[in-house]
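Me: I've got a model open and want to check a few labels people put on it. Can you walk me through the reasoning?

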Amino acid sequence: MQVVVAGAGISGLTAALALARQGHRVRVVDRDGTARPAGVDAAAAWERRGVAQFHQPHAFLARLHAELDAGLPDVLASLVAHGAAPVDLPDGLRALWCRRSTLEWVLQAAAEAEPGVELRHAAVADVETAGGAVAGVRLVDGAVLPADLVVDATGRRGRLSRRWSGDTVDVPTDEVYVSRRYRLLPGAEFGPVERGVVSVAEGDGYAVLVFPHDAGTFSVCLTRLPDDEDLACLRELSSFEAATRAVPLAALWTDPARAVPISPVMVMGGLRSTFRLLDDAAPLGLHPLADAVSTSNPHFGRGSALAVAHALRLAGAVADAPGDARSWRAQVDDWVRGELHDWFEDGCRTDAARAAAWRAARDGAGWGGGPPAFGPGTPLPGWLVMAAAGADPVVGRAVLRHAHLVDPPSALTAVHPRVAAMLAEGWRPGRPPADQAGEGRPAGPPQAPPRQVLLAALAAA
Ligand SMILES: Cc1cc2nc3c(=O)[nH]c(=O)nc-3n(C[C@H](O)[C@H](O)[C@H](O)COP(=O)(O)OP(=O)(O)OC[C@H]3O[C@@H](n4cnc5c(N)ncnc54)[C@H](O)[C@@H]3O)c2cc1C
């Protein structure tokens, strides 16, 4: 069978490798013309215009590790050989500390070495159809590549399958990413990483995330509401540096005795949560994957794990019924409408609750206007349950499994009564660090300082 994959990102390369290993001839076409750099360190400066988030920090969840282990174990082994660090978590889970550039470099090297895969640089203009099925793709230069299976792996901005978009949800994530990368000084070690792949300090109206990567590198990311004018200055170097000094978690990691910055401050806004189903007129053999189907708030770090899972589901469907495009569509659709949609909804619910709480904090109404009254049958917002993870081991374990996409989203509701009890006993998210505990605000583990403290630090910068 002839396969064309549009997009040599995470899902496209995964699908290409898995399909070629079934004996299919796979052509991968990507509009980015820059060749794979000489090594993973050079890849940290890889110009990948087709992937706007390429240099933003990525967390690689236990689900990504498990999917690669099951579907492409040689790629996982190569990642580790090239410096990605497997991280052991409770329950036998294993995640990865790794730059996104390292993951793509390793995937692309594997695709280049795969006998059944051909990579070429060109932009795909459209999908060619005949008799209700795909016939191939047309490139922008007019050339047509024939195919029995067209994989649309063109990412969050891809348009290839849009003319067959059916039911669609498209909402803002209400969060802007502002990040910077650092490298440890010789002999220095990473700071604490409390969620396996990321450390988080939740503030009132903002959050700080630290992502350990490979090769002694890590990123600090400050996130804020898009309409939070007080924090818009974080894009400026002086403000970003002031914020990292003001938030204990970031100050600990970026201490000049521990690490040096190795990138500018990088901003990514306009982030949206999208979910697009194909309509009934979509040609058989057309398979949009990953971000071309669904995007979510990067704060959850789910995109790559779901991208690999989606690509491997497609390859599995093809292996189950070679030549039966109707069966591929049915099998992949089941997963998209099931698990992928459940994670999408989970993310949207969490985003909406977080944005409401952050807006209340920004507008001076405190923590969401005070703790809401939670009674039997009242669902707790997901962000609140996640915030409770550091304060209770049972909640922590459930949140870890949820955060790493190991259990279905619904499993987290089992710990809701426990979090409701914590609230009733006085626990609140986002407590100040011990040395800033004030009247009526008990000390907790180092978190983010009150918003006014951060704003004062920014004003002084
Ligand atoms: C700020 C930010 C942070 C993120 N952080 C995380 C994280 O921590 N953990 C995580 O798992 N995920 C994270 N994600 C999500 C993750 O980056 C995506 O889910 C993932 O890249 C999706 O892979 P993909 O294969 O769908 O598309 P991409 O990896 O985006 O690849 C798309 C490819 O298609 C090519 N292309 C586009 N149009 C065409 C065309 N017409 N013809 C030919 N080629 C084309 C592009 O050049 C590109 O190479 C983050 C996303 C953002 C925005």
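Me: Which element gives the largest share of the shell around the ligand?
Reply: That's H8, with 4 residues. Keep in mind that this is a predicted model. In total, 37 residues surround the ligand, and the closest are Gly7, Gly9, Gly50, Gly155 and Gly303. Helix H1 (10-20), strand S2 (25-30) and helix H8 (303-320) are the elements that give two or more residues to the shell.

Me: What is the make-up of that shell by class?
Reply: It has 18 nonpolar, 14 polar and 5 charged residues. Gly counts as polar here.

Me: Why are H6 and H13 called oblique to each other?
Reply: Their axes cross at roughly 140° and come within 9 Å. Roughly antiparallel needs an angle over 145 degrees, and roughly perpendicular covers 65 to 115. The crossing fits neither, so H6 and H13 count as oblique. H6 passes H13 in a right-handed crossing.

Me: What makes up the contact of H6 with H13, by class?
Reply: There are 8 nonpolar, 1 polar and 1 charged residues. Among them, Ala242 and Arg245 sit on the H6 side, with Leu454 and Ala457 on the H13 side.

Me: How do you know that S6 and S7 pair?
Reply: Pairing takes at least two bridges, and S6 and S7 have 6, in the antiparallel sense. For one of them, the bridge partner of Thr129 is Val134 in S7.

Me: Why do S6 and S8 stand at the edges of the sheet?
Reply: The open sheet runs in the order S6-S7-S8. Strands S6 (124-130) and S8 (144-146) each have a single partner strand, so one side of each is left without a neighbour in the sheet.

Terms used:
Residues are numbered from 1 along each chain as its sequence is written. This is a predicted model: local features need pLDDT of at least 70, side-chain atom pairs count only at pLDDT 80 or more; totals for chains, interfaces and linings use all residues. A residue is near a molecule or strand if its C-beta atom, placed from the backbone, lies within 6 Å of it. Axes are lines fitted to C-alpha atoms, for helices over the stretch in contact, and angles run from 0 to 180 degrees between N-to-C directions. Angles under 35 degrees count as roughly parallel, over 145 as roughly antiparallel, 65 to 115 as roughly perpendicular and the rest as oblique. A crossing is left-handed if the near helix is turned anticlockwise from the far one by less than a right angle, and right-handed if clockwise. Two residues are in contact if their C-beta atoms, placed from the backbone, lie within 7 Å.
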